[in-house]
Amino acid sequence: MADSISTGNFLPGGKPAVLPAIAVFDIGKTNKKVFVFDEKYNIRYEKSVRIDEIEDEDGDACEDLAALISWVKETYKELTRLQGLHIRAVNFSAYGASFVHLGQSGNVVAPLYNYLKPFPAALKQDFYARYGGEESFSLVTASPVLGHLNSGLQLYWLKNKRPDAFSRVSCSLHLPQYLSYLFSGKVFSDITSVGCHTALWNFAENHYHPWIYEEGIADRLAPLSPAGETVNATVEGQPLLCGIGLHDSSAAIIPYLASFSTPFILLSSGTWCISLNPFNHQPLTLRELEADCLCYLAYDGNPVRASRLFAGYEHEQQVRRIASHFGIEEGFYRDIPFHPQVIRKLKNTDTEQAVDFSGDQMRQSGFAQRDLPALADAVTAYHRLVLDLVNQQVRALGLVISKPVPNLYVDG
């Protein structure tokens, strides 16, 4: 866990000024963070934590929702005690494809299932047979076939595989909106969360796909509201303006859309590396969908062409593999400087062409196929990993580019 605070604003007489501020909780798959901004968007405080996963009833890893709730609530209490800052508003961004299921009394009635949880093949086949086939359905919903990563299919799975739990669900909220609910007690659906590879949205007709009505799922979704919606609440005895939350990748592009009119691509990095091009309005092709290219909905409801790589997760897994092979600590890579001569040597060897990059590029880079004993040491292996990830990222960027784009921004 890490936190920091910047100070330095004082009233005459040496008393610290009380600055109005907004808190933003940014809940990633790996890192959970909070930032406090003043009115000039300077960061006045920040804190981060990693929360260990637990297991669901099938033994699959999932978010420890109770621990996450506790951290968010306790952290907010800390923010209200910060000297010189008055938290006036709060909003939330969080990873997508994740539902929190609430009962009639607002209690959680099922685990926060992991979007990587295996999806039953027979159930998938049944779903797509009912609703037009994989190709047609994917094109209409701009959602590659991803199992639980299509969060709408989590509800279909819950209905068919956990009917008792499904019968207790009064409202299912995507994670960003659930975090808002913790503060406001109000339920909303947000277009950026609904429009991120959920298989819920008909992009051509700009409304929910009919399947959610046929399956009785629509009445378990909260009303759709604009991304800029706010709610008046009282938290810790103080009035607070609450945003309704945003899908994290869609939130990342907001300041760029607000600031730049010249075409650009945003590469938002993290557990997922998302390439976002709001200036590509070409219809998705089947080939692009199969390569995990899709459309998101921006805060203004307009589609954004996107491609995704699981690069942050892949980096974490392969660093662990390198450390195990060479018998060193997993944090070894933090102390490795960039060695251009190592990259040049790697590019001049046959190994650059010795890896098959076809298939499911979402989950693994070419490095997963590398023979570690063929690499001289951990430094060489880590450079090889970064080079493979970069090669993979270049191909992912190509999927969202229909014509030359003058600017590429990278954040994360």
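**Cavities, a sheet and a pocket**

In this predicted model, the second largest cavity is lined by Ser249, Ser250, Ile253, Leu276, Tyr296, Leu297, Ala298 and Val304.

Me: How many nonpolar residues are in the lining of the second largest cavity?
Reply: About 30 Å³ of space lies in this second largest cavity. Its lining has no charged residues and 2 polar ones. The nonpolar residues number 6.

Me: Which elements each supply at least two residues of the lining of the second largest cavity?
Reply: The lining includes Ser249 and Ser250, and also Tyr296 and Leu297. Two elements each give at least two residues there: helix 9 (248-252) and strand 19.

Me: What volume has the largest cavity?
Reply: The structure holds 2 cavities of 30 Å³ or more. Among the residues that line the largest cavity are Phe99, His174, Asp190 and Tyr208. The volume of the largest cavity is about 50 Å³.

Me: Which strand gives the most to the lining of the largest cavity?
Reply: Two elements give two or more residues to this lining: strand 10 (189-190) and strand 9 (171-174). By class, the lining has 7 nonpolar, 4 polar and 1 charged residues. The top contributor, with 3 residues, is strand 9.

Me: Why is one side of strand 19 and of strand 21 left without a neighbour in the sheet?
Reply: The sheet is open and has 5 strands, in the order 19-20-18-17-21, with mixed pairing. Strand 19 (293-297) and strand 21 (407-411) each have one side free because they stand at the edges, each with a single partner strand.

Me: What does the twist average from one strand to the next?
Reply: The strands follow the order 19-20-18-17-21. From each strand to the next, the twist averages 25 degrees.

Me: Which residue stands opposite Asn277 in strand 20?
Reply: Strand 18 (residues 273-277) and strand 20 (residues 303-309) run antiparallel. They are joined by 5 bridges. Opposite Asn277 stands Arg305.

Me: What angle does the direction of helix 14 make with that of strand 20?
Reply: Helix 14 (residues 378-398) packs on the sheet. It touches strand 17 (264-268), strand 18, strand 20 and strand 21. With the direction of strand 20, the helix direction makes about 160 degrees.

Me: How many residues of strand 3 are buried?
Reply: Strand 3 covers residues 32-38. Buried means under 20% relative accessible area. Strand 3 is mostly covered, and of its 7 residues the buried ones number 5.

Me: Which residue in strand 3 is the bridge partner of Ile22?
Reply: Strand 2 (residues 19-27) pairs with strand 3 in the antiparallel sense, over 7 bridges. The two form a hairpin, with 4 residues between them. The partner of Ile22 is Phe37.

Me: Which residue in the turn between strand 3 and strand 4 has a positive phi?
Reply: Strand 4 (residues 43-49) is antiparallel to strand 3, with 6 bridges. One bridge links Val36 to Tyr45. The hairpin has 4 residues between its strands, and the one with a positive phi, about 65 degrees, is Tyr41.

Me: Which helix gives the largest share of the lining of the second largest pocket?
Reply: The second largest pocket has a volume of about 430 Å³. It is lined by 17 residues, and Lys29, Thr30, Glu53, Tyr313 and Glu316 lie nearest its centre. The lining divides into 5 nonpolar, 4 polar and 8 charged residues. The largest share, 4 residues, comes from helix 12 (residues 311-326).

Key: Residues numbered from 1 in each chain as written. Predicted model: local features only at pLDDT ≥ 70, side-chain atom pairs only at ≥ 80, totals over all residues. Heavy atoms only, no water. 1 Å grid on protein atoms, 1.4 Å probe; cavity = no way out; pocket = protein on both sides within 12 Å on 5 of 7 lines; lining within 4 Å. Points joined across faces, edges and corners; volume = space filled by probe spheres on them. Nonpolar A, V, L, I, M, F, W, Y, C, P; charged D, E, K, R; others polar. Pairing = 2+ DSSP bridges. Axes fitted to C-alpha atoms, helices over the stretch in contact; angles between N-to-C directions. Contact = heavy atoms within 4.5 Å. Buried < 20%, exposed > 50% of the residue type's maximum accessible area, 1.4 Å probe, protein only.
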